[in-house]
Amino acid sequence: ILFNYMNTLIQDCINNKFSKTPIWLMRQAGRYLPEFRSIREKNQDFIKLCLNTKLSSEITIQPINRFDFDAAIIFSDILLVPHALGQQVKFKKNFGPDLKKVDLNILNDVKKEDFLKKLNPVYETIKETRKKLSISNKDTIGFVGAPWTLLLYMLNRKSPKEGNFSVFPKDKYINNILIKLDEFLKIHIEAQIKSGASIIQIFDSWAGLLPEKDLDYFVYKPIKSLVDFIRQKKTISICFPRNINNYKKFVDNVKPDIISIDYNVDPSIIRDTIDIPVQGGLDPKILLQNKEIVRNEVTKYLKTFDKKRYIFNLGHGVLPETNPDMVRYLVDEVRSFNGQ
Ligand code: 1CP
């Protein structure tokens, strides 16, 4: 397969040209880093911060400067899409996202040009980041929330973390929102690729809340539509359908380039049943333990997978209370495995 960008460790992994195990971490640009916190303190409006190209590209590069990760994930948020579609999003301290109650038929009136204009600073951030990374062979990762996870935030209007949400009916109203999300997520993906994103990761953080019988409608079909679109654009897709029971079935249905796994799944079962490159798995809570435990867990993941087909990452985002020194240790352990 020929992709737009060559010679990065992740492209090599996909093309079976192994040299080193790539490593980057979900949520690597953010709350556990003191250099992020000092910017965040002075920028109380989170959406505004995501739309500040100078600061967002700086935050994107912070973990690269510190740890020399093999990929930079753009500092932004999945909820910028509902924001740009006209549903107000606020991030409240000690609460999380707080979305305004609106009739989501407003999505029918959103113009492509207006949507792109609102998100233009994100695309500028990608361009800035690529400039900063131009002499290195690192990937620039753009991303979107999957339709199901976005639908859930838009209707629930806050994090579904504490439970208490019910599955939505597959009626005309819901179906129309999914159609509109498909349309605008493709616009957002295309603009990120044009600006220099070499990989698109699709976060379906709440896929695990759905019963098996609803996965086809809410997860497989909508994500496959995005993965096919990304492939048409000769760009790599990574899917993270967090906490689903059957990753093999997801991969068979959706056919992404790379599958990112959570920490509740047994990695040896993934290895024995799935034949595409795998990313992630390590429980982020392990980084709150001591070095010996970190080393044992890292070794477990690296030994389980064929090194040619594995990208080191966590099974969910870096926790805010993580000590950056432990991230340093983790990176060193991964890189010294097999004398790399
Ligand atoms: O300081 C703060 O309070 C802001 C915290 C923060 C940060 C640093 C939020 C609010 N978003 C982000 C950045 C972010 N979010 C990135 C870019 C940085 C990086 O990954 O290195 C990315 C990729 C996301 C993705 C994201 N946002 C997801 C999917 C990944 C996952 O963790 O499951 C989700 C679900 C969100 C929604 C979101 N954004 C922020 C919060 C507090 C939440 C809600 C999380 C929840 O419901 O528990």
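Let's start in the middle of things: strands S7 and S8 (residues 278-280) run parallel and are joined by 3 bridges. Strands and helices here are DSSP runs, numbered from the N terminus, with at least two residues (E) for a strand and at least four (H or I) for a helix. Two strands pair if DSSP finds at least two bridges between them. One of the matches is isoleucine 261, whose bridge partner in S8 is glycine 280. To get from S7 to S8, the chain passes through helix H11 (residues 267-273), and this β-α-β crossover is right-handed. Right-handed means that, with the strands pointing away from you, the path from the first strand over the helix to the second runs clockwise.

Before going on, a word about what you're looking at: this is a predicted model, where local features need pLDDT of at least 70 and side-chain atom pairs count only at pLDDT 80 or more, while totals for chains, interfaces and linings use all residues. Residues are numbered from 1 along each chain as its sequence is written, and side-chain values use heavy atoms, with hydrogens and water left out.

Now look at the other neighbour of S7. Strand S6 (residues 236-240) runs parallel to S7 and is joined to S7 by 2 bridges. Here isoleucine 238 stands opposite isoleucine 258, and cysteine 239 has isoleucine 259 as its bridge partner. The chain goes from S6 through helix H10 (residues 247-254) to S7, in a β-α-β crossover that is right-handed. What about the two faces of S7 (residues 258-261)? Both are covered: Ile258 and Ser260 on one side are buried, and so are Ile259 and Ile261 on the other. Buried means under 20% relative accessible area, exposed means over 50%, and partly exposed is in between (1.4 Å probe, protein chains only).

Step back and the whole sheet comes into view. Its 7 strands form an open sheet with parallel pairing, in the order S1-S4-S5-S6-S7-S8-S9. Strand S1 (71-73) and strand S9 (310-311) are the edges; each has a single partner strand, so one side of each has no neighbour in the sheet.

There's also a hairpin to find. Strand S2 (residues 89-92) and strand S3 (residues 96-99) run antiparallel, with 4 bridges joining them. Phenylalanine 91 stands opposite proline 97 in S3, and 3 residues lie between the two strands of this hairpin. In the turn sits asparagine 94, with a phi near 55°, which is a positive value in a residue other than glycine. Is asparagine 94 buried or exposed? At 83% relative accessibility, asparagine 94 counts as exposed. Another positive phi, near 60°, belongs to arginine 27, which is found in the loop between helix H1 (9-14) and helix H2 (34-41).

Time to go inside. In soluble globular proteins, nonpolar side chains tend to be buried together. In this model, the largest nonpolar core has 118 residues, and Phe69, Phe115, Trp148, Val219, Phe250, Phe312 and Leu330 touch the most other members. Helix H8 (residues 172-195) gives the most to this core, with 10 residues. A nonpolar core is a set of buried Ala, Val, Leu, Ile, Met, Phe, Trp, Tyr and Cys residues joined through side-chain atoms within 4.5 Å. Take Leucine 330: not counting residues up to four places away in sequence, its contacts include Ile23, Leu25, Leu282 and Phe312. Contact means heavy atoms within 4.5 Å.

Two more buried residues are worth a visit. Leucine 80 lies in helix H5 (residues 80-84) and is buried, with a relative accessible area of 1%. Among the residues Leucine 80 touches, beyond four places in sequence, are Leu119, Val122 and Ile47. Leucine 80 and isoleucine 47 are 33 residues apart in sequence, yet 7.2 Å apart in space, C-alpha to C-alpha. Proline 160 sits in the loop between helix H7 (147-156) and H8, and at 2% relative accessibility proline 160 counts as buried.

Finally, the overall picture. The protein has 13 helices and 9 strands. Its radius of gyration is 19 Å, close to the 20 Å that the globule rule gives for 340 residues, so the protein is as compact as a globular protein of that length. That radius is taken over C-alpha atoms, and the rule is 2.2 Å times the number of residues to the power 0.38. Buried residues make up 56% of the 340 residues.
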